[in-house]
Amino acid sequence: MANYLSKYYDMVSERQRLGVEPLALNAEFTKELCELLLNPPVGSEQELLNLISNRVNPGVDESSKVKAQFLYEIASGKKVSIVISKQKAVELLGNMKGGFNVSYLISLLEDASLAEDAKKALENTLLIYNAFDDVAALANKGNTTAKELIKSWAEATWFTSKSEYPKTVTLTVFKVAGETNTDDFSPAPDAWSRPDIPLHALAMYKISRDDLKADVEGVKGPVSTIENLKSKGYPLMFVGDVVGTGSSRKSAANSLIWHIGHDIDGVPNKRAGGVVVGGKIAPIFYTTLEDSGALPIEADVSKLNSGDVVDLNVYNGTIVKHGTNEVLSTFALKTNTLLDEVRAGGRIPLIIGKDLTDKARKYLGLGSSEVFAKAAEVKAEGGFTRAQKIVGKACGLKGVRPGQYCQPVIATVGSQDTTGPMTRDELIDLACLKFSAPMVMQSFCHTAAYPKPVDVKTHNTLPEFMHNRGGVALRPGDGVIHSWLNRMCLPDTVGTGGDSHTRMPLGISFAAGSGLVAFAAATGIMPLDMPESVLVRFTGKRKPGITLRDLVHAIPYFAIQKGLLTVEKKGKKNIFSGKIIEIEGLEDLSVEHAFELADASAERSAAACAIKLSQTSVENYLKSNIALLKKMANEEGYQTKEALLNRAAAMQSWLDNPELIEADPDCSYAAVLEINCEDIKEPILCAPNDPDDARLLSEVANTKIDEVFIGSCMTNIGHYRAASEILKDMKSEAKVRLWMTPPTRMDRQELSDEGLLSILGKAGTRVEIPGCSLCMGNQARVADNATVVSTSTRNFPNRLGNGANVFLSSAELAAVTAKLGHLPTVEEYFENTSCLDGKEDKIYSLLDFSK
Ligand code: SF4
């Protein structure tokens, strides 16, 4: 005993030194704790009871398995504890949310002395899934408690027993002016600590801003400021001008909610709830907040200041100075169902609970429940856009109207390694033992190059976790998630992934936080409020030397010219924000090239991107991908073989009867942006440090550059061939520090096979192993305050390096810059890229695995 508690307290004090909660008990600790609870030393009873009640994770991890079995043994009389009675054991089982506790509780419905307690415990357990059939079977056999339980589920007692959102809530404002992107909430260099929410939350805002001072610069965020604000005695309301742009990482919401939310009964080291008010809240961040039970509100924040104590009145949509009628801001909740979500503990618990209620009502022969708020009806006429028809197909409908709530079937799910451990934890919380989505793929691209010990542990354990549930795991060094996931998609289907750049050009995909990704993988569906679409139509022919990346940057460039987008954050205008960008006019692009456009829709804060492609492009891509998947399954030992071969078979069956969805001619868009490629006469870059700040090369020419990075999911083999061609006559090493990272191991092999690595070596290139490399900035980084040209996706402050100024450009322009040491003039650019003329077909041809 003494040994046990002293081990535990060692851990507690080690965590105290870091200023965070103790870790949840692992399986070993839980086993020992259960032993001690059978015969606890005098004086330690309450403490041990508290540990088993509150410090073991719920769901389906190894420790919850130990806990559930122990509690069942007590309830069923196989073991006796003086601290935990049979009734208490059932109550504690009821607090485990779902998973290993469910079958035990169902069996206790047959124990006359405990049936009522078991019913009470199950009433509020939502993660029941197919075990509902076991309860129905008991009810069919005449078990009255089982029948009452189904009645309780049908009446949604799990929901009605929770309080409605209060009329007035008093809160203290914690405001951070300007834009807060998800990297500010959850810095990439701290990605390793994301699954440890209290520890990771210390890094929130660890780099000081004008209005917010970090406690320890670059290490620990403004925890003392937050504590000061809390000392006013009210929970915090987070307020910002633009909130949650950038990556989809759920860790950003986790960190924020850790500081502004409330504890969850029986769940260690995780919080829910909290109020977030933003002039603009980025769409993915908004839904991540919804999923976590927080209340996101978009409202004018100009009169809200840090330290203000305010009253939030959700039913009349006002924020007033505390105890007065002075209105500081007004708002309308975005959906009718938002307060139900908060009441249920989040959008995900609400969906799962409603599904359970529906099942129970169906069993009892009842109609739909009237307890829940109904989603607004959407009335519209006319045809559907391509995106609306693709999502419609996944919902069994002709199309889905903008604003309509739907639950499309998800064909493909991607998970990357810095969010993967969180997705794993969410899957455990969701009690998922088998994926319902047919293709769930895990990559290791963000941590493969310079893994920390915690990453190595993830590399060693996460594949098995995914395989056990029927998913596919790549290997460290294989390359970037999207360069692989694109090769696993089916045309005209819906996908998702725990990375904001999950924007596959086949079909449509909606990037999501790890909670929603886990939900989609586990259940095979995802909740979606269908966004509106903006059409970007390209016409005309690209001039020689104008690259696809220039077209990518042409979208913000021309949107700024036409007043559809502003760079300024205050009162920012962005026509693409939260909408689907549908692209036409580039049908002959290969699918792999099209990804460059789709990928960058994340930088527009768009919800998704749908690109119209020719049938030939799609067919060629699928043929190549079938060969790749079969090779992985049959020759290279990738698991699960079944998922890979099933996906190859699904691709083949599409090829056997190929048909692509087309937009209806009478569909409508929120806006149409026409771009004539002939109007693009010189390269377009994005200036430091904002991917919306699109500029012509002539505006920034001659800027001295320190480092150049050619890599990320925005690149393919053609970019490296083009860069090699541009660099090949160099007599000495590049004038800058030059980094290159092929996106996949196959691209790297091809560079080697074509002898290009030797050219790159002579130019002084640092060739990294395939993966994300500098793009996310959590591994190697550029030098502090360096001026950089990068082909990566985004250039938010501090992403590639502390204080770095980053221009985003094409690989061709990046290579010319590396050669010259400065951003070239327009003339220098065309002069140095003329070596590519006439060789385009060879240089830009892509890998074809079917050959
Ligand atoms: S390359 Fe960059 S944008 Fe692409 S997945 Fe990796 S970190 Fe994200």
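1. Let me start with a loop: Asn689 sits between strand E21 (684–686) and strand E22 (694–696). The peptide bond leading into Asn689 from Pro688 is cis, with omega near -20°. Here, helices (H or I, at least four residues) and strands (E, at least two) are DSSP runs, numbered from the N terminus.

2. Before going on, a word on provenance. This is a predicted model, where local features need pLDDT of at least 70, side-chain atom pairs count only at pLDDT 80 or more, and totals for chains, interfaces and linings use all residues. Residue numbers run from 1 along each chain as its sequence is written.

3. Another cis peptide bond to look at runs from Gln639 to Thr640, with omega near -5°. Thr640 belongs to the loop between helix H25 (615–634) and helix H26 (641–656).

4. For backbone torsions, check Lys97 too: its phi is near 70°, a positive value in a residue other than glycine. Lys97 falls in the loop between helix H5 (86–94) and helix H6 (100–108).

5. Lys97 lies within residues 8–159, which UniProt lists as "domain: Aconitase B HEAT-like" in an unreviewed entry. UniProt positions are in the numbering used here, feature names are shortened, and annotations may be inferred rather than shown by experiment. In the model, residues 8–159 are 64% helix and 0% strand, and the end C-alpha atoms are 36 Å apart.

6. Now the open sheet of 7 strands: its order is E6-E5-E2-E1-E7-E8-E9, with mixed pairing (two strands pair if DSSP finds at least two bridges between them). Strand E6 (295–298) and strand E9 (327–330) are the edges, each pairing on one side only. On average, neighbouring strands of this sheet are turned by 35° against each other, direction ignored. Inside it, E7 (residues 309–313) and E8 (residues 318–321) pair in the antiparallel sense over 4 bridges, and Asn313 has Thr318 in E8 as its bridge partner.

7. Helix H14 lies across strands E1 (169–181), E2 (236–245) and E5 (275–281) of that sheet, running at about 165° to E2. Axes are lines fitted to C-alpha atoms, for helices over the stretch in contact, and angles run from 0 to 180 degrees between N-to-C directions. Contact means C-beta atoms, placed from the backbone, within 7 Å.

8. H14 (residues 250–260) also packs on H15 (residues 283–291), at an angle of about 55° and with the axes 9 Å apart. That makes H14 oblique to H15 (under 35 degrees is roughly parallel, over 145 roughly antiparallel, 65 to 115 roughly perpendicular, and the rest oblique). Lys250, Ala252 and Ala253 in H14 meet Phe285, Thr288 and Leu289 in H15. By class, this contact has 4 nonpolar, 1 polar and 1 charged residues. For those classes, Ala, Val, Leu, Ile, Met, Phe, Trp, Tyr, Cys and Pro count as nonpolar, Asp, Glu, Lys and Arg as charged, and the others, Gly among them, as polar.

9. There is also an open sheet of 5 strands, ordered E13-E12-E11-E14-E15, with parallel pairing. Its edge strands are E13 (472–473) and E15 (508–511). E11 (residues 410–415) and E12 (residues 439–442) pair over 4 bridges, with Ser415 partnered by Gln442 in E12.

10. Last, E26 (residues 787–790) pairs in the parallel sense with E23 (residues 707–711) over 3 bridges, and Phe709 stands opposite Ser790 in E26. E26 also runs parallel to E27 (residues 805–808), joined by 4 bridges; there, Val789 has Phe807 in E27 as its bridge partner.

Definitions and conventions
Two residues are in contact if their C-beta atoms, placed from the backbone, lie within 7 Å.
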